[in-house]
Amino acid sequence: MATGKTILEARHFSKRFGGTLALDDVSLSIDSGTVHGLVGHNGSGKSTLIKILGGYHAPEPGAELTIDGNPVRLPLAPGLFRSLGMAFVHQDPGLVASLSVVENLRIGALAQQRLKPIRWADEVKRCEALLSEFGLACDPRAAVETLRPWQRPMLAIIRAVDEIRSLQGENGARRGVLVLDEPTSNLADSNVDQLFEMVRRVQGAGF
């Protein structure tokens with residue numbers, strides 16, 4: 001797939017925890033339409049880099065971040081990454097097991113509606129379309145706790161993509177950045193190919 005312009009550029013990212021240098025002058029550039037993997041042993045700083053991008057940690061002075069060509073002030077305020085077009089799926093996918101697939105998928109948007117009535121039939125249709133688009137076969141009305149273990153991180157990925165779309169619209173003006181933190185760690189070998197297929201679908205959808 002052809003790539004576009006640089007959508008994220010991080011420069012001089014460092015982070016100390018007491019006397020430990022967890023991240024040392026790391027730079028990263030991501031072009032739109034590409035897939036990257038951060039590879040390294042435990043303690044090499046992968047999660048620390050991700051948490052700086054997510055606003056959980058403040059980098060050391062001198063760090064610079066550019067999103068879609070625009071400089072971004074660091075450290076990021078909590079939750080700001082969403083408005084910048086970034087979404088994160090961590091090892092714990094953050095799903096509510098007792099709620100249905102459609103409720104988990106749309107929980108952020110539904111919470112913002114406050115007292116507005118929820119048209120569940122429309123929400124289920126929307127959920128079915130998203131599940132079909134990204135190749136996840138499950139019942140939107142089923143409780144998440146009934147899903148197979150490998151299906152849950154897949155659902156979290158679809159939710160993250162949907163959240164970016166909702167915030168940015170679907171006009172194609174910008175691409176999003178989807179960050180997966182060790183997505184294969186809780187998957188059986190037989191399910192890793194399914195994860196990679198979903199990543200390819202996300203890439204094809206404009207990320």
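This report covers the sheet, two helices and the salt bridges of a predicted model.

**The sheet**

Four strands form an open sheet. Their order is β2-β1-β3-β4, and the pairing is antiparallel. β2 (20–31) and β4 are the edge strands, each pairing on one side only. From one strand to the next, the twist averages 25°.

Strands of a sheet pair through backbone hydrogen bonds, either parallel or antiparallel. Here β1 and β2 run antiparallel and are joined by 8 bridges. One residue pair to look up is F13 with V26, its bridge partner in β2.

Helix α1 (residues 46–53) lies across β1, β2 and β3. Its direction makes an angle of about 115° with β1.

**Helix α4**

Helix α4 covers residues 120–133, which is 14 residues. At 1.5 Å a residue, the expected span is 20 Å. The end C-alpha atoms are 20 Å apart, so the model agrees with that expectation.

Which residues of α4 are buried? They are E123, V124, C127, L130 and L131. Seen down the axis of α4, the buried residues fall within an arc of 125°, so they line one face of the helix. An α-helix has 3.6 residues a turn, so residues three or four places apart point the same way. The face turned away from the buried side of α4 carries the exposed residues A121, K125 and S132. Just after α4 comes G135, with a positive phi of about 75°.

**Salt bridges**

Side chains of opposite charge can pair when their charged atoms come close. How many salt bridges does a search of the whole structure find? It finds 10. Three of them are set out here.

| Salt bridge | N to O distance |
|---|---|
| D68 and K5 | 3.4 Å |
| E9 and R11 | 3.2 Å |
| E197 and R200 | 3.3 Å |

Take D68 and K5, whose side chains meet in a salt bridge. This pair links distant parts of the chain, 63 residues apart. D68 sits in the loop between β3 (64–67) and β4 (70–72). K5 sits in the segment before β1 (6–17). Are the two partners buried or exposed? D68 has a relative accessible area of 15%, under the 20% cut-off, so D68 is buried. K5 has 53%, over the 50% cut-off, so K5 is exposed.

Next come E9 and R11, which form a salt bridge with the closest N and O atoms 3.2 Å apart. E9 is partly exposed at 28% relative accessibility. R11 is also partly exposed, at 24%.

The bridge between E197 and R200 lies within one helix, α6 (residues 189–204). The two residues are 3 apart, about one turn of the helix. E197 counts as partly exposed at 33% relative accessibility. R200 counts as partly exposed at 48%.

Other salt bridges share partners, and these join R106, E123, R126 and D162 into one network. One member, E123, has already appeared among the buried residues of α4.

**In brief**

The open sheet has antiparallel pairing, and α1 lies across β1, β2 and β3. Helix α4 has its buried residues along one face. The D68 and K5 bridge links distant parts of the chain, whereas E197 and R200 both lie in α6.

Key: Residues numbered from 1 in each chain as written. Predicted model: local features only at pLDDT ≥ 70, side-chain atom pairs only at ≥ 80, totals over all residues. Heavy atoms only, no water. Salt bridge = Lys/Arg side-chain N within 4 Å of Asp/Glu carboxyl O. Buried < 20%, exposed > 50% of the residue type's maximum accessible area, 1.4 Å probe, protein only. Expected span 1.5 Å × (residues − 1). Arc of directions from axis to C-beta. Pairing = 2+ DSSP bridges. Axes fitted to C-alpha atoms, helices over the stretch in contact; angles between N-to-C directions. Contact = heavy atoms within 4.5 Å.
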